[in-house]
Amino acid sequence: LVQHIVSQWRETFSRSVTTKFNCFFLLPFVDEFHKYLRRELQQVYAGEAESIGDVFDLVAARRALESKRDDLMSECNANMKLQEKFDMVSRMMREEQERSPGSPSQRSRNSR
């Protein structure tokens, strides 16, 4: 019981320290990010910057999204093929079980 209580204290303490540590280092970023983003967008709208691509790298984001989509599509196709193999094996096992005369299902039918 004492070990459990102490381990819970440690876990709570470490969670609290982690949260405070992250807040300490991330709060300045959170406070300043919206100002930076607003300045950059105002420059784009004012014509001082060439395009919104200077603020956001849309080409890289699009490439990353297309790559992720392609990976997901190939994973989906691989999962479908695997499911088909499992279905085939299951069907073969059912057929073999129905054909064999000493199968448990055949014995239960014969005993009735």
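## A tour of a three-helix chain

Begin by colouring this predicted model by confidence: in the protein chain, the mean pLDDT is highest in helix 2 (residues 58-99), at 92, and lowest in helix 3 (residues 104-111), at 53. Across the protein chain as a whole the mean is 82, with 82% of the residues reaching 70 or more.

Next, switch to a cartoon view and follow the protein chain from its N terminus, where the elements run α-α-α; the secondary structure consists of three helices and zero strands.

With a surface displayed over the protein chain, the accessible area comes to about 10500 Å², and carbon and sulfur atoms account for 60% of that area. Buried residues make up 4% of the 112 residues in the protein chain.

Now select Leu26, Leu27, Phe29, Val30, Phe33 and Tyr36, which together form a nonpolar patch on the surface with about 600 Å² of accessible area. To place this patch along the chain, centre on Val30, one of its members, which is located in helix 1 (residues 2-46).

The remaining stops concern charged side chains. Side chains of opposite charge can pair when their charged atoms come close. The structure holds five salt bridges, and the tour visits some of them.

Select Glu11 and Arg15 and show their side chains, which meet in a salt bridge with an N to O distance of 3.0 Å. Both residues belong to helix 1 and lie four residues apart, about one turn of the helix. Glu11 counts as partly exposed because its relative accessibility is 40%, and Arg15, with a relative accessible area of 49%, is likewise partly exposed.

Staying in helix 1, move on to Lys35 and Glu32, a pair joined by a salt bridge in which the closest N and O atoms are 3.8 Å apart. Lys35 and Glu32 are three residues apart in the helix, so about one helical turn separates them. Lys35 is partly exposed, at a relative accessible area of 37%, and Glu32 is also partly exposed, at 45%.

For the last stop, select Arg69 and Asp70, whose side chains meet in a salt bridge at 3.6 Å, N to O. How exposed is Asp70? With a relative accessible area of 44%, Asp70 is partly exposed, because that value falls between the limits of under 20% for buried and over 50% for exposed.

Conventions:
Residues numbered from 1 in each chain as written. Predicted model: local features only at pLDDT ≥ 70, side-chain atom pairs only at ≥ 80, totals over all residues. Heavy atoms only, no water. Patch = residues over 30% accessible without salt bridge, like charges linked within 9 Å, V, L, I, M, F, W, Y side chains within 5 Å. Areas by Shrake-Rupley, 256 points an atom, 1.4 Å probe, with all protein chains shown as cover. Salt bridge = Lys/Arg side-chain N within 4 Å of Asp/Glu carboxyl O. Helix = DSSP H or I, 4+ residues; strand = E, 2+ residues; numbered from the N terminus. pLDDT = per-residue confidence, 0-100. Buried < 20%, exposed > 50% of the residue type's maximum accessible area, 1.4 Å probe, protein only.
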